[in-house]
Amino acid sequence: MVTKDKKRGLIIVSNRLPLSLKKIDDSFESTLSSGGLVTALSGLTNPTTFKWFGWPGINLPDPEEQKKAAESLAEKGVKGVFLDEQLARAHYNGFSNSILWPILHYQSGVDFQEEPWKAYQRVNEIFADTVASEAEDGDLIWVHDYHLMLFPELLRHRLKKQGKNCPIGFTLHTPFPAGDFWRALPVEKDLLSGLLACDVIGFHTEEYKRNFAEACEQSLAQVGVFIVGIDPEKFDSALKDDEVIKRIQELEQQYKDKTVIVGVDRLDYTKGLVQKLQGYDKFLNEHPDLKNKVVLIQVAVPSREDVKEYQELETEISTLVGKICGNHATPEGVPLIYIHRSVAFPELTALYCISKACLITSRREGMNLVASEYVACQEGRWGVLMLSELAGAASFMHHGSVTFHPSSSHELSNAIYQAVTMDEEEKKQRYQSLREFIDTHTSAEWGETFVDTLSRYARSS
């Protein structure tokens, strides 16, 4: 931890703010958003005071409205980086999620285009201008994720001109791919140069760190593995809440004769949802005696709905859901419940709690905090975690999990069968290993370790 006599201001920078901003009459209101980064940093919010910079997710071309929105955001300790709607869309959908995201997740055949790249550059410049004007000399600046890979170098130049010396750290929450995939991006050197202006660069696994170091050949930054976690106490407290307890009782009664498997994912092709449903269909075909005893409740949170590839994916998943329900439903019920919307935290906590197993089928992923969230809700219940070997979490949680390759329907079907037929003693032993991991690798520990490392690697003027 940063000692009190060396305590510095901390600035968090991400593409989106952790708040949803809405205009109501002549003013603005903001509500806390959900998401992996918000969850990961939740343990840091209690002992640490920081400013958070990001796009508020709303188009406000009128300077007066921007001023009112900024005042509303300031009450929550955050700073809005306002972007033109067309520029924001080109940066987020055009480059970040249509070009950069696929390459980071080992997808080939990506069509590079100059206009989205220019938008990506411009947004990174706007972020750098905003943060540089607000930062104070000595502040620690922690940047998050692939939307802002040019930002550290741009910010470093601006701070230097202003006579400010601020350590800059960056955390990538996706994989960093092997060389052949990364070199397919014609602007890869620009992105590496942007990141190498950092003092500390954090990845979730050794594999991603190694791939990055090899891409750089000679790393100019401190590269390390910083294991992201959750705040287990948040879930422990939720499970004692009267509303959650009541909902747990209702769900347990509703599914008293069923083995519930839960899946919680953003609707994204990297999550392996198509493969999950195909593997589950195979399991039902191979074990017809279990189809009335097992139910998969799959939550698929809508994501990037204005991107064509995601629209096509949603259609494909809906078709598969209909096929499975049509083929395997009986008068006693259906073996699959598909929820295509966000689920409130109390409901999600109750669902985690009553589920006998959790199924994660990521084809590539930075970490996956659903694995930790599920474990946090299974104290004394010993639910089974089924975990894709390609999820970042598998690097640390494979000993207590049932692992499989997400592209193999055979392995996936076998993993489900193993999980739903596992004896209580094996469940308990596996769970204890997982619980120890999430209790010792919390969001607070992750945040404090990164900030402490960033402090120690502060650059001289």
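**Strand pairing, aromatic pairs and charged contacts in the predicted model**

Strand S4, spanning residues 50-55, is mostly covered, with five of its six residues buried. The model in which this strand is described is a predicted one. On one side of the pairing pattern, S4 is joined to strand S1 (residues 10-16) in the parallel sense, over five bridges, and within this pairing Ile11 has Lys51 of S4 as its bridge partner. S4 also runs parallel to strand S5 (residues 78-80), to which three bridges join it; here the bridge partner of Phe53 is Lys79 in S5.

Aromatic contacts were examined next. A pair of aromatic rings is described by the distance of the centres and the angle of the planes. The count of aromatic pairs comes to 19. Trp142 and Phe450 form a stacked pair, because their ring centres lie 4.5 Å apart and their planes meet at 5°, an angle under the 30 degrees required for stacking. This contact links distant parts of the chain, since Trp142 belongs to strand S6 (residues 140-144) whereas Phe450 belongs to helix H18 (residues 443-456), with the two positions 308 residues apart in the numbering. Both Trp142 and Phe450 are buried. A tilted arrangement is found for Tyr269 and Tyr310, whose rings are 5.7 Å apart from centre to centre, with 45° between the planes. This pair, too, links distant parts of the chain: Tyr269 lies in the loop between strand S10 (259-266) and helix H11 (273-286), Tyr310 lies in helix H12 (residues 308-328), and the two are 41 residues apart. Tyr269 and Tyr310 are both buried. In addition, Phe95, Phe112, Trp117 and Tyr120 are linked by ring pairs into a cluster.

Aromatic rings also take part in contacts with arginine side chains. Arg304 is placed over the face of Trp101, at 4.5 Å from the ring centre, and Arg364 is placed over the face of Tyr106, at 4.0 Å from the ring centre.

Salt bridges in the structure number 25. One of them is formed by Lys23 and Glu65, whose closest N and O atoms are 2.2 Å apart; this contact links distant parts of the chain, with Lys23 in strand S2 (residues 19-24) and Glu65 in helix H2 (residues 63-74), 42 residues apart. Lys23 counts as partly exposed because its relative accessibility is 43%, a value between the limits of 20% for buried and 50% for exposed residues.

A salt bridge within a helix is provided by Arg89 and Glu85, with 3.5 Å between the closest N and O atoms. Because these residues are four positions apart in helix H3 (residues 85-104), about one helical turn separates Arg89 from Glu85. Both ends of this bridge are partly accessible: Arg89 counts as partly exposed at 40% relative accessibility, and Glu85 is likewise partly exposed, with a relative accessible area of 42%.

For the salt bridge between Asp268 and Arg266, the closest N and O atoms are again 3.5 Å apart, but the burial of the two partners is not alike, since Asp268 is buried with a relative accessible area of 0%, whereas Arg266 is partly exposed with 27%. Beyond such individual pairs, a network of salt bridges links Asp236, Glu379, Arg435 and Asp439.

Technical notes: Residues are numbered from 1 along each chain as its sequence is written. This is a predicted model: local features need pLDDT of at least 70, side-chain atom pairs count only at pLDDT 80 or more; totals for chains, interfaces and linings use all residues. Side-chain values use heavy atoms; hydrogens and water are left out. Rings of Phe, Tyr and Trp (its six-membered ring) pair if their centres lie within 6.5 Å; planes under 30 degrees apart count as stacked, over 60 as edge-to-face and the rest as tilted. Buried means under 20% relative accessible area, exposed over 50%, partly exposed in between (1.4 Å probe, protein chains only). A charge sits over a ring if NZ of Lys or CZ of Arg is within 6 Å of the ring centre and within 35 degrees of the ring normal. A salt bridge is a side-chain nitrogen of Lys or Arg within 4 Å of a carboxyl oxygen of Asp or Glu. Two strands pair if DSSP finds at least two bridges between them.
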